[in-house]
Amino acid sequence: MTIHFTRRTMLGALPALGFAGAAVAQTPAHQAAIPAEGAAPIATLDAWLDLYGRPTAKVMLNGRGPFEFMVDTGSTVTVIAERHLAAIGAPIVGKATVAGTTGMAETPLALVDLVETGAMKNKGMRVCVLPNAGVANMDGILGADAFIGKRLEFDIPGKTVKVEGSRHPIRVAPRSQIRVRNGLLAEIDGKIGNVNAKLMLDTGAQNCIANAKLSQALLKAHPKLVRLDNARVFGVTGHVMTGQVIVLPKVELRAFSVTDATTVALDAPIFDFWGLNDEPAMIVGMNMLSQLRSFSIDYGARAFDAELFVDLIARNSVMFG
């Protein structure tokens, strides 16, 4: 059988300017989570920032490991490097057509009987298998399919990712509401300078990625923004595209705002796949999210919250006089 997924790419850019993007995929077959006894468990993953500033965690596969996986809210499917299939005994059960930023490619689809990270256990996960070169700096990617109905809290200075049950509040404040696109992709409404845009929260991307509509809108609204040409984008499918680095004006994401960030503008196929070609949209990467002290994504409650370092400093100043 063939299942269609999407996966974003690794980004390379101008000399001395490096970017990295991660994965996006449509939801695979249903994954059955094994709850712990009693109350819903809270799993604190041993996480840290990788070479590209993205959160990673230790993962056990079929009782083997631990393996180093990136925690990627921009991927709706979990991915494993081809080199580990034999060691964990994961059979190939089909194929996946992977739609990356720069093109399409067909990859194997493997069945992993048990995926464990912290107190979380997922049975019977179908995972995309990528060539070793596509995930050279890690063993795989933990996609949002591993966190269905859960709440993720990222502690940047503490370098941990906490996974717990959704809090399901009676009412979510408008500033915290998110939508879930393509099944598991967290999306919020935001504003970049004077331009309204759809923003996809992606812990697997080192840098932000803007679509063509956003680039055009920013050029009209803010013609003096610094732009650097010839930023090359290398896709996991082997295709290469060229984009433009843009130094962004103030970015407002409801729960917080950022005044010093960049994006790579790219007329990428992935935005067409998401149905985001006709309006300004941007993938929000870790260059922006890492400016927070912490942030959370609650897939069950469809809520996003964030705490800035300055907010923490202000509270401590009041507390200690």
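Two strands are taken to pair if DSSP finds at least two bridges between them. Strands and helices here are DSSP runs numbered from the N terminus, with at least two residues (E) for a strand and at least four (H or I) for a helix. The model is predicted, so local features need pLDDT of at least 70 and side-chain atom pairs count only at pLDDT 80 or more, while totals for chains, interfaces and linings use all residues. Residues are numbered from 1 along each chain as its sequence is written, and side-chain values use heavy atoms, leaving out hydrogens and water.

Strand 16 (residues 195-201) makes a handy starting point. Strand 15 (residues 185-192) runs antiparallel to strand 16, joined by 6 bridges, with lysine 191 opposite asparagine 196. The hairpin of these two strands has 2 residues in between, and glycine 193 there takes a positive phi near 60°. Strand 23 (residues 281-284) runs parallel to strand 16 through 4 bridges; here leucine 199 has methionine 282 as its bridge partner. Of the 7 residues in strand 16, 6 are buried (under 20% relative accessible area with a 1.4 Å probe, protein chains only; exposed is over 50%, partly exposed in between).

Methionine 282 also turns up in the largest nonpolar core, a set of 61 residues in which Phe256, Met282, Met288 and Phe304 touch the most other members. Such a core consists of buried Ala, Val, Leu, Ile, Met, Phe, Trp, Tyr and Cys residues joined through side-chain atoms within 4.5 Å.

Past strand 23, glycine 285 sits in the loop leading to helix 4 (286-289). Glycine 285 counts as buried because its relative accessibility is 0%.
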